[in-house]
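Visitor: Could you take me in for a close look at the aromatic residues here, and then show me how their surroundings are built? I would enjoy one connected tour.

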Amino acid sequence: MKIIVLGAGTIGVCTAWHLLELGHEVTVVERQAGAALETSFANGAQISVSYCEPWANKDAPLKALKWMLSKEAPLLFRPQNPFGPGLHQYSWGLQFLANCNDAAFERNVQQLVALGAYSHAALKEVVASTGIEYNRLERGIAHYYCDQKSFDTAGEAAALMRKYGVNRQVISKEEFFKIEPAYQQFAHQIVGGTITPSDESGDCLVFTQELAQRCVARGAEFLYEHSVERLETAGDAIHSVAVRALSAGAKGRNVPGSIRLIKADHVVVAAGSYTAPLMRTVGVNLPIYPGKGYSATFKILKPELAPFVSTIDDAKKVAISRLGDQLRVAGTIEVGGFDLTLDSSVAQARCHMLSRRIEEVLPGVCDTRTEAQGGQPNYWTGLRPATPTNIPYIGQSPVRGLWVNAGHGTLGWTHGAGSGKAIAELIHGKKPEMNFKFYGAQPRAGDTSVSVHLRSTRANAIVVVTPRAHGPNTPETPASPDSAAVTCA
Ligand SMILES: Cc1cc2nc3c(=O)[nH]c(=O)nc-3n(C[C@H](O)[C@H](O)[C@H](O)COP(=O)(O)OP(=O)(O)OC[C@H]3O[C@@H](n4cnc5c(N)ncnc54)[C@H](O)[C@@H]3O)c2cc1C
């Protein structure tokens, strides 16, 4: 079949790869000049199967309220005009609040663990079959805590995750330094840690761009510098995609500004945070909202003192990962619209916090000077495509032939390979081998009383309609353990 993928972030490229694996003909449309130049560009680099707790937990609303007063807060809600673009923010916020309880938290965790395990296996398959190198470090992810109360809570979270088969161990301060001695200079502040030995880290940008090249080598067409203007439907099915050439292209064949319609048997929307506005044009309302995050990438000055184990600093909720001769620190979330500025006072405060923190925990190891001080911190911001549950939408929309693979929020790099494989299998008519509630046809805008779940996995699937409370990805399972802290990377 001929299939169009919209977006060449890590999700779109993994989708394209797996569709090619199944023998399909693939065209990818991307407005940037290459793959992974938006949110997949400079993330925290963690393949974090075992730290996958959703942001929504019973403590999140109070924490978010408290944090609204701090520019450096890990989670910052910046209310927009409810009578303008803020409407979607409030609707997202209400669904987020509905997930801030133990039962929702536990059922969301189960979905994220299932997708994580499937994705980790899929990533290993892709790496084994392509030989892509991307500064991968298979050393696990370690988490350190700087106060006793957080460390105690970490024990409860680890117990919950072990219940779902995740190997997360609580470790003493001494054990932590045996695993990663680089933080010795900060030892006076650390009270203990946790470790998930099977997690890993690596450069999402390098991996995605390499995979895109391999897709091209296998015959995929990448329409770079083409923006998707609109989706055209005919009756209840997708008809075509209107794309605008943004430049003349490498071979000078395009007329900049010209629009043409491209057609296929199926279309997959993998446009990150922009999936929601695109889907709304055909009447499908998905609660995917941008969660702005930041990273800094520093040159390592003392390689012998830099960490190899990817780490989470619990106090600041940031991820620290080594990528060859550079150290990446990433984190914080701002729920405040499609804002990519790096020069606002909030953005500056958050970027400088990243530099300051690295200097505190790994003094002298990297060049953390700001640009004003003559350094090159490579500050960057990206919009996580966030859902209220942290669970992505993978599956078929109510528009026949129109599929979605988006909403991966904080874990798109971790869940990319598996999400790509799963949607390719669904389109191909195969049931992915994981216990996951795939997105079925959503109720049309305004109809919130039902959601529709995929039963047949054939392209033109038979659907089952069931009454539901919130969103399509909320399986009904009882539970009530304690929730874990918000992790923002
Ligand atoms: C600070 C930060 C740290 C993170 N750390 C981690 C981490 O450690 N581990 C992890 O697993 N995840 C992490 N993430 C999350 C991860 O980066 C994202 O979930 C992932 O990159 C999303 O990929 P995507 O392909 O859905 O979106 P994107 O990478 O944004 O790709 C979507 C693509 O669609 C294109 N597009 C959109 N609209 C149009 C249009 N109209 N026409 C044409 N093209 C269009 C865009 O140009 C873009 O290239 C982090 C994110 C941030 C911001």
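Guide: Gladly. Phe-176 has a relative accessibility of 0%, so this residue counts as buried. Please keep in mind that the model is predicted. Tyr-183 is buried as well, and its relative accessible area is 0%. Both belong to one aromatic cluster, whose members are Tyr-144, Phe-176, Phe-177, Tyr-183 and Phe-186.

Let's widen the view. The structure holds 16 aromatic pairs. One of them is formed by Tyr-134 and Trp-413, edge-to-face, with 5.7 Å from centre to centre and 80 degrees between the planes. Tyr-134 sits in the loop between H4 and strand S5 (141–145), while Trp-413 is part of helix H10, so this pair ties together parts that lie 279 residues apart in sequence. Tyr-134 counts as buried, at 2% relative accessibility, and Trp-413 is buried with a relative accessible area of 6%. Back in the cluster, Phe-176 and Tyr-183 form a tilted pair, with centres 6.1 Å apart and planes at 45 degrees.

Two arginines also meet aromatic rings. The charged end of Arg-218 sits over the ring of Trp-17, at 4.7 Å from its centre. Arg-31 lies over the face of Tyr-274, and the distance to the ring centre is 4.2 Å.

Which residues surround Phe-207? Setting aside neighbours within four places in sequence, Phe-207 is in contact with Cys-14, Leu-123, Val-126, Val-127, Ile-132, Tyr-134 and Trp-413. That list includes Tyr-134 and Trp-413, the two partners of the edge-to-face pair.

Phe-207 also leads us into the largest nonpolar core, which has 54 residues; Val-26, Phe-207, Leu-211 and Phe-222 touch the most other members. Two or more residues each come from strand S1 (2–6), helix H1 (10–21), strand S2 (25–29), helix H4 (102–130), helix H5 (148–163), helix H7 (204–217) and helix H10 (412–428). The biggest contribution is that of H4, which gives ten residues. A second core, separate from this one, has 32 residues, among them Tyr-144, Cys-146, Val-329 and Leu-362. Tyr-144 is thus a name you have already met, as a member of the aromatic cluster.

From the cores we can turn to a strand. Is S18 enclosed or open? Strand S18 covers residues 380–386, and seven of its seven residues are buried, so the strand is largely enclosed by the rest of the structure. In a regular strand, side chains alternate between the two faces of the sheet. In S18, Trp-380, Gly-382, Arg-384 and Ala-386 point one way, Thr-381, Leu-383 and Pro-385 point the other way, and all are buried. Strand S14 (residues 289–299) runs antiparallel to S18 and is joined to S18 by seven bridges. Within that pairing, Pro-290 has Pro-385 of S18 as its bridge partner.

Just along the chain, Asn-390 is found in the loop between S18 and strand S19 (393–396). Asn-390 is not a glycine, yet its phi is positive, near 70 degrees. With 8% relative accessibility, Asn-390 counts as buried. Ala-45 makes a good companion example: its phi is near 75 degrees, again a positive value in a residue other than glycine. Ala-45 lies in the loop between S2 and strand S3 (46–47), and its relative accessible area is 1%, so Ala-45 is buried.

For another piece of strand architecture, look at the open sheet made of three strands in the order S10-S11-S12, with antiparallel pairing. Strand S10 (226–234) and strand S12 (259–262) stand at the edges; each has a single partner strand, so one side of each is left without a neighbour in the sheet. From one strand to the next, the twist averages 25 degrees. Strand S11 (residues 237–245) pairs with S12 over four bridges, in the antiparallel sense, and Arg-244 stands opposite Ile-259 in S12.

Finally, let's step back to the whole chain. The chain has ten helices and 22 strands, and 58% of its 489 residues count as buried. Among contacts between residues at least 6 apart in sequence, 74% join residues at least 24 apart. The pair of Tyr-134 and Trp-413, which ties together parts 279 residues apart in sequence, is a fine place to end the tour.

Notes. Residues are numbered from 1 along each chain as its sequence is written. Side-chain values use heavy atoms; hydrogens and water are left out. A nonpolar core is a set of buried Ala, Val, Leu, Ile, Met, Phe, Trp, Tyr and Cys residues joined through side-chain atoms within 4.5 Å. Buried means under 20% relative accessible area, exposed over 50%, partly exposed in between (1.4 Å probe, protein chains only). Contact means heavy atoms within 4.5 Å. Two strands pair if DSSP finds at least two bridges between them. Rings of Phe, Tyr and Trp (its six-membered ring) pair if their centres lie within 6.5 Å; planes under 30 degrees apart count as stacked, over 60 as edge-to-face and the rest as tilted. A charge sits over a ring if NZ of Lys or CZ of Arg is within 6 Å of the ring centre and within 35 degrees of the ring normal. Axes are lines fitted to C-alpha atoms, for helices over the stretch in contact, and angles run from 0 to 180 degrees between N-to-C directions.
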